[in-house]
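The following note sets out points for a colleague's consideration. It is best read alongside the sequence and the coordinates.

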Amino acid sequence: MTTPDRPAPIAALASLLRLSLLRLWRGRQLKLALAITLLVSAIGIAARYATGAAPEATEKAIFDNGLFLVIVYVLPILLASGALADEIDSRTLTYLLVRPVPRSVICIGKYLAAALATATLLVAAVLVVHVGCFAAHPAQLVEHIEIPLRAAGGLGLVAFAYCAIGLFFGALVAEAPSILTALWFLLMEFAAGIVPGPFRLISLNHHAQNVAGLLDAESSFSQYTPAVEPWTSALIVAAAAAGWICAGALVVRFSDFRFGRA
Amino acid sequence: MSADGTQAEATVRAVRLSKWYGPVVGVHGLTLELGPGAHGLLGPNGSGKTTFLRMCAGQLQPSLGEIKVCGGAPFANPDILRRIGLCPEVDAMYDELTGLELVTFMAELAGFSRKDARDKAAAELDLFGLKDAMERRVGGYSRGMRQRAKLAQAVIHDPDVLILDEPLTGTDPVSRALILDIVRKKAKAGACVLFSTHVLHEVEALTESILLIARGQLVAEGTATEIRDVLSEHPHHVRVETDRPRDLARALVEVEGIHALRFLGDSVVEVETHMPDAVYTRVPELALSLGVKVRSLTSPDASLEALFHYLVERGTRATGTGSGLDASSSGAPYRPIDDAPPPRRGSSKTKSPTTAPKGANS
């Protein structure tokens, strides 16, 4: 027998990442996610030219209402919540679980693929919106680059956290990961992000908007919400992402995934 | 690795292994030890074969008892999993990938470098007759090709313990011969091959070591010949649908080997016999001579399912516990399983006996 030694965790992670990205690239979810992202971006840009609004204001509005309020929730539901759940449901996860790779590495590999795809789409959308809004004034493209850069940072960061949440619910309840993730986003992210007072600090979306510099100090009840430094918000989002992915890895480590049932 | 640092032998050992899902029992009190060689796990659908194999492959945790593969518990244990190859029952695969990509990724995850994995995957797919199809996506493969690709990913790292869950389901004769040949070679090379099916002749084609499992319990184990003896001992039922069942029954009473006759409704007579061939021959002759019209001649128990029911029920009658078999009282040609340390199967030194210790039960 010439059975090889078990792979190093980094090598296994790299293989899993490539496998998951290849499957995403050839699958339907990524195409759907791309279409939705482009559609929302295109609608915003079209509105800017239809109304003749100022590019800076339009850009901020698209980031705020299109990307932070819609796309950043939709993409993790599409790309992350099914990353494990679909494999559990179709039982293809069997092929990975029988490999000599720690289950936490399998979980992190799938998570990284979904999070990278989501963050890439969001950052691409930010760039498309920026170029689209300033297409008529190319000289201002670089001049006004700070807002899109901060928005890309905030969106990219929160994408990693949201994908970890989606993956956790996918591992925990493979039958309904999208519904559970959507409910969590609705209650703990969207609703908590608009209630007055310190409750807004629960919402990672609030922190991501803080990182992006998009929090409106004039908005209703915002005076009751404690101010937080952007870098503190960034740390909070990063810590939340790590916490959620650890929780997901724990579920994967100990779960049977209903594999024994017919 | 064993405690002294040496690599443990290719073995599967289960001690009072149980697995249940809420109120449903998947496997109940299974005790066995298997060594190198091929072992056929035979049982009807829902008997617990897949649950047992999944526990062997480290996919499921036992609810009670223990399972050890190559000396260690396999669940989420990479050191043991590197020595296991699994060809699962489910047809699902990564349909977006080509055959070569699929097997290459599985080889990488088994521990091969990227280049070695690709070379090894190509060679393995060639061996399984998929050379021309390896660049095509798995989603477009036929059932037989998918089975072969599944088997290729299972053996790519040359595992010590190879677990095959119904690998011949849906395969064409060519694929079947190819799969059996490769599995036989792996077993000869010293691997412990566990092979499940619900078709007896599939196991016979591969191994003499057969384990019968039903309702989550090991009801018998033995060679193919011993299992065949059990089959021939199994009372056979033949149902004859006719316009004059009582006249036909009166004539059938004289036929050799008939133990009982029973009327089912107004037009069916059921015959219980140990000589079904004689019944199948005599019924048409008697029908002709009596002028009786025979509408159908069927057997309700031509399947293995009936054999398992028979074995379990006979065990119940013999022990009076409802849970065991007793060869000493029933004179069975098969060896019932007990809770005592099991004999090693697949090893020529420790051939299993054909009678059980007194009081043994499954």
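Which backbone oxygen does the side chain of N210(A) reach? The points below begin with that contact; the model under discussion is a predicted one.

1. The side chain of N210(A) comes to 2.8 Å from the backbone oxygen of V228(A). N210(A) belongs to helix α10 of chain A, which spans residues 204-212. With a relative accessible area of 12%, N210(A) falls under the 20% limit and is therefore classed as buried.

2. The wider surroundings of N210(A) may be read from its contacts. Leaving aside residues up to four places away in sequence, N210(A) touches R150(A), L215(A), V228(A), E229(A), P230(A) and S233(A). V228(A), whose backbone oxygen is reached by the side chain of N210(A), is thus one of the residues in this list.

3. Chain B may be introduced by its totals. Its secondary structure consists of twelve helices and 14 strands. The chain has 362 residues, of which 56% count as buried. Among contacts in chain B with a separation of 6 or more, 66% are between residues 24 or more positions apart. The exposed area of chain B is about 14,900 Å², and carbon and sulfur atoms supply 52% of that area.

4. One sheet of chain B deserves separate description. Four strands form an open sheet in the order β11-β12-β10-β13, and their pairing is antiparallel. The edges are occupied by β11 (258-264) and β13 (294-298) of chain B; each has a single partner strand, so one side of each lacks a neighbour in the sheet. On average, neighbouring strands of this sheet are turned by 20° against each other, direction ignored.

5. The pairing of β11(B) can be given in detail. β11(B) and strand β12 of chain B (residues 268-273) run antiparallel and are joined by six bridges. Within this pairing, L264(B) is placed opposite V268(B) of β12(B).

6. Two helices of chain B accompany these strands. Helix α9 of chain B (residues 245-252) lies across β10 (236-242), β11 and β12 of chain B, and its direction is at about 175° to β11(B). Helix α10 of chain B (residues 276-290) packs on the sheet and touches β10, β11, β12 and β13 of chain B, with an angle of about 15° between its direction and that of β10(B).

7. Over all chains, the count of aromatic pairs is ten. One of them is formed by Y95(A) and Y94(B), a tilted pair with 6.2 Å from centre to centre and 50° between the planes. Y95(A) is in helix α5 of chain A (residues 93-97), whereas Y94(B) is in the loop between β5 (84-87) and α3 (99-110) of chain B, so this pair joins two chains. Y95(A) and Y94(B) are both buried.

8. Why is the pair of W184(A) and W244(A) described as edge-to-face? The ring centres are 5.1 Å apart and the planes stand at 80°, an angle over the 60 degrees required, and the pair is therefore edge-to-face. W184(A) lies in helix α9 of chain A (residues 177-194) and W244(A) in helix α11 of chain A (residues 230-254), so the pair ties together parts that are 60 residues apart in sequence. W184(A) counts as partly exposed at 28% relative accessibility, while W244(A) is buried at 18%. Together with F168(A) and F169(A), these two residues form one aromatic cluster.

Note on methods:
Residues are numbered from 1 along each chain as its sequence is written. Chains are lettered from A and ligands numbered from 1 in the order in which they are written. This is a predicted model: local features need pLDDT of at least 70, side-chain atom pairs count only at pLDDT 80 or more; totals for chains, interfaces and linings use all residues. Side-chain values use heavy atoms; hydrogens and water are left out. Buried means under 20% relative accessible area, exposed over 50%, partly exposed in between (1.4 Å probe, protein chains only). A polar contact is a pair of N or O atoms within 3.5 Å; within protein, one must be able to donate a hydrogen and the other to accept it, and residues adjacent in sequence count only if both atoms are side-chain atoms. Contact means heavy atoms within 4.5 Å. Two strands pair if DSSP finds at least two bridges between them. Axes are lines fitted to C-alpha atoms, for helices over the stretch in contact, and angles run from 0 to 180 degrees between N-to-C directions. Accessible areas come from the Shrake-Rupley method with a 1.4 Å probe; for residues, only the protein chains shown count as cover. Rings of Phe, Tyr and Trp (its six-membered ring) pair if their centres lie within 6.5 Å; planes under 30 degrees apart count as stacked, over 60 as edge-to-face and the rest as tilted.
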